[in-house]
Amino acid sequence: MGRGLLSLMLAAVTGAALLAAPASAAPPPPPTDVYRPVRGPAAPAEYRYLQKTLPGESIPRHAHDLAAAEARELPTVGGRWKSVGPTNIGGRIVSLALDPKRADTLYAAAASGGLWRSTDAGQTFHSVWPDSWTQAMGAVATAPDGTLYVGTGEPNPGGGSITYEGTGLYRSKDGGRSWQPLGLRDSGAISAITIDPANPRRIYVAAAGSLYNGGGDRGVYRTEDGGATWERILAGANEFTGATEIIKDGDRLYAVLWDHRRRPDLRTYGGVGSGVFRSDDDGATWQRLGGGLPAQGPDVGRIGLAVAGDRLYAIVNKASGPFEGFYASSDGGDNWTRTPDNAALTASQSSFGWWFGKVWIDPRNTEHAHVAGVALLTTKDGGGTWTADDTSIHVDHHAMVWDPRHPGRVYLGNDGGVYRSDSDGDGGWVKARHEPYTQLYSAAISPQDVTRISGGSQDNGSLRSWGGDGFNEYLGGDGEENLIDPTDVNKVIACYQYGNCFRSTDGGDTLTYFANGTTFKRRNWFTPVVHDPRDPKILYYGAEVLNRSTDGGETWHPISPDLTGGPGADPIYTNFGTITSIAPASDGRTVYVATDDGRVWVTKDLGATWTKLAEGRPWVTRVVVDPKNPDRVWTTHSAYRSGSPLPHVYGSTDGGAHWRNLSGNLPAAPVNDLVVARGGVLYIGTDQGVFASFTGGGHWMRLGRGMPAVPVDDIEYDAGHRRLVAATFGRGFYELTVS
């Protein structure tokens, strides 16, 4: 959630919104119908979970890794992908670590963007992680001898996607130039790594486990031989109890366990296994700490813990998400005191405390601590009073580390990237200036100006390559659909979640809200908006009905009935049953529409009559019509599957009367987009990169070299310049020259 959207949330009851715009531009008028059925990181999590699964089924174990292996087996065709930014925006950082052997050297783990190193005190970052390996990160740590450890798989559920699981623990002895796997492949996500300062071969790992499948490598693990063998020294109460913290302080070990599970119809982020544990004998025995902490029970959610000698702090959230309490101990955890209630601290956790779960103690002053939340919370009196910072830095915080070489220097990781403070984290924050790991949902390009690229990003709004230094945010929130008029680069459209869309005639400097002019009962988290290929003044907007505008989005009218099967049964995700893709044909009459509940429709008379072409398919990510032939149409589909034969790509040459499976040799991964290029070449964007077919489908090859193994949510094709632009979820935009 971006800063503009935080203000939007606080003002939603009045319909007001604070939306990002250049300093020189007037802010857009307040929207009058802010539609937000699900809030916080739960919103994109619910959207993506339903999209990436078959109804009633969970995500299969190792689904992402197995599909990646299939993708690597395919032959590669084409040139080299080029990263085209953003480098100045950043993205979600989940863990930070300092190099003990090299001054001003910092490692940052990006949620779905790999591992990065800075050698200039957090100003610029460069990748030190293999592009061909999973880019999903959970934790990074350094040993006293400089050895680097990385745990893969993001431990924070939600965040704009399914939580991509990892492939275990890895080690580098040369600063990230080469890597060795150390096992725990079935850990799902690794939350924390602790190295014994007296013995670098003794390593402790907190394995959170798979969010979707029980069992596996979860709990607290220890190795005495540098990772050759592992022993689980703390197991959870049930098959969905994982570990989120492991801390060594002197002769004691502290651990945090957390029950968390995502089922097809429900998420449960707490339970009887959640709690704080201590061992006084290197993990041989453990006790669950009480003494004032919440009693064991089903409502105990995620807990954040910090330890400095006998001083301990713990932030506890309820299983349902909101803040429960902040606790302090001065005797090593035997006894705890709930600190006074504080409105800012409570608000910082919003309704999704499971997104944070972190406390950090100043190593020089145990009364001084910071707490992760939407805002960064700070206490200087052991939790008696608090201040909140949600203005000088990006919101949603996940990582912090103090630099022992520079007293007062602190590094912070949040959904906006990496920041540095030389004032103990009490302000004075400076953002990194080169960090190319933005999570993108969409892309928009212009045949008139190849330098213009825009797109929607997770928690960093709608971004554009013009109008400022580098990329800049011109609409806040989670950026979604972006469009650039193919005949006028100054006419743009940008949306944040749930179809809250704006239009502009000056490249986005000023924005006019238009979603209140559409007809809807439900709108998808990523609401589609498209230009008509014959006349860009004609626009289509999908809710549960299809809306059409003939004046560039100023006025709208519905041209269809409800094209879905109606609202879903899930009480959390109340806006299921929506249009996900729209494809107007070049004849000016034919429009194809697809939905999240697997339906495909066509009208050949601009909405006077509609024909259902398909139903019962997995979530339709795209419906695409041939620019030259209104009867040639394709659909692409999401969902990881357990050996299901259902296609990820269908094609039809008779307007959808008959369909052919075009999946062929594609990896078993969601297909997110398809474009038709010169000569009938098909390009598709998937969770495993971009693929091409020169035979009209069925036989696919990996497209291009040099793109990391990162999901591609959107691809855009510029026929005149023969270029393809891909929006990746973790590594920004990539561009490739195609034939």
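C495 is buried, at 1% relative accessibility. Buried means under 20% relative accessible area, exposed over 50% and partly exposed in between, with a 1.4 Å probe and protein chains only. C501 also counts as buried, at 0% relative accessibility. A disulfide joins C495 to C501, with an S to S distance of 2.1 Å. The criterion for a disulfide is a pair of cysteine sulfur atoms within 2.5 Å. By this rule the count comes to one disulfide. The torsion about the S-S bond of C495 and C501 is about 105°, so the bond is right-handed.

The model is predicted: local features need pLDDT of at least 70, side-chain atom pairs count only at pLDDT 80 or more, and totals for chains, interfaces and linings use all residues. Residues are numbered from 1 along each chain as its sequence is written, and side-chain values use heavy atoms, with hydrogens and water left out.

The chain contains four helices and 59 strands. Helices (H or I, at least four residues) and strands (E, at least two) are DSSP runs, numbered from the N terminus. Of the 739 residues, 65% count as buried. For 739 residues, a compact globule would have a radius of gyration near 27 Å; the chain has 25 Å, which agrees. This radius is taken over C-alpha atoms, and the globule rule is 2.2 Å times the number of residues to the power 0.38. Along the principal axes, the C-alpha atoms fill a box of roughly 75 × 55 × 45 Å. Contact means heavy atoms within 4.5 Å. Among contacts between residues at least 6 apart in sequence, 53% join residues at least 24 apart.

The largest nonpolar core has 43 residues. Such a core is a set of buried Ala, Val, Leu, Ile, Met, Phe, Trp, Tyr and Cys residues joined through side-chain atoms within 4.5 Å. M400, W429 and W525 have the most contacts inside this largest core. At least two of its residues come from each of α2 (42–51), α3 (63–72), β29 (397–402) and β30 (410–414). The most are given by α2, with five residues. A second, separate core of 22 residues includes I484, V492, C501 and Y513. C501 thus links two topics, as a member of this second core and as a partner of C495 in the disulfide.

W525 has a varied set of contacts. Leaving aside neighbours within four places in sequence, W525 touches residues of α2, including A43, P44 and Y47. Its other partners are Y441, D478, E480, Q497, Y498, G499, Y573 and N575.

Helix α2 is largely enclosed by the rest of the structure, because ten of its ten residues are buried. These are A42, A43, P44, A45, E46, Y47, R48, Y49, L50 and Q51. The elements that cover them include β17 (261–263), β18 (266–268), β49 (620–626) and β57 (712–718). In α3, the residues A63, H64, D65, A67, A68 and A71 are buried. The buried residues of α3 pack against β55 (689–693) and β56 (701–705).

Two open sheets are described next. Two strands pair if DSSP finds at least two bridges between them. One sheet has four strands in the order β45-β46-β47-β48, with antiparallel pairing. Its edge strands are β45 (579–584) and β48 (611–614), each pairing on one side only. Neighbouring strands of this sheet are turned by 25° against each other on average, direction ignored. Axes are lines fitted to C-alpha atoms, for helices over the stretch in contact, and angles run from 0 to 180 degrees between N-to-C directions. β45 pairs with β46 (residues 591–595) in the antiparallel sense over five bridges. The bridge partner of I579 in β46 is T595.

The other open sheet also has four strands, in the order β2-β59-β58-β57, and its pairing is antiparallel. Here β2 (82–83) and β57 are the edge strands, each pairing on one side only. β57 is also among the strands that cover α2. Two bridges join β2 to β59 (residues 732–737), and these strands run antiparallel. In β59, K82 has E735 as bridge partner.

G417 lies in strand β31 (residues 417–421). With 0% relative accessibility, G417 counts as buried. Leaving aside neighbours within four places in sequence, its contacts are G90, G91, I93, L412, K431, E435 and Y437. The C-alpha atoms of G417 and H434, 17 residues apart along the chain, are separated by 9.8 Å.
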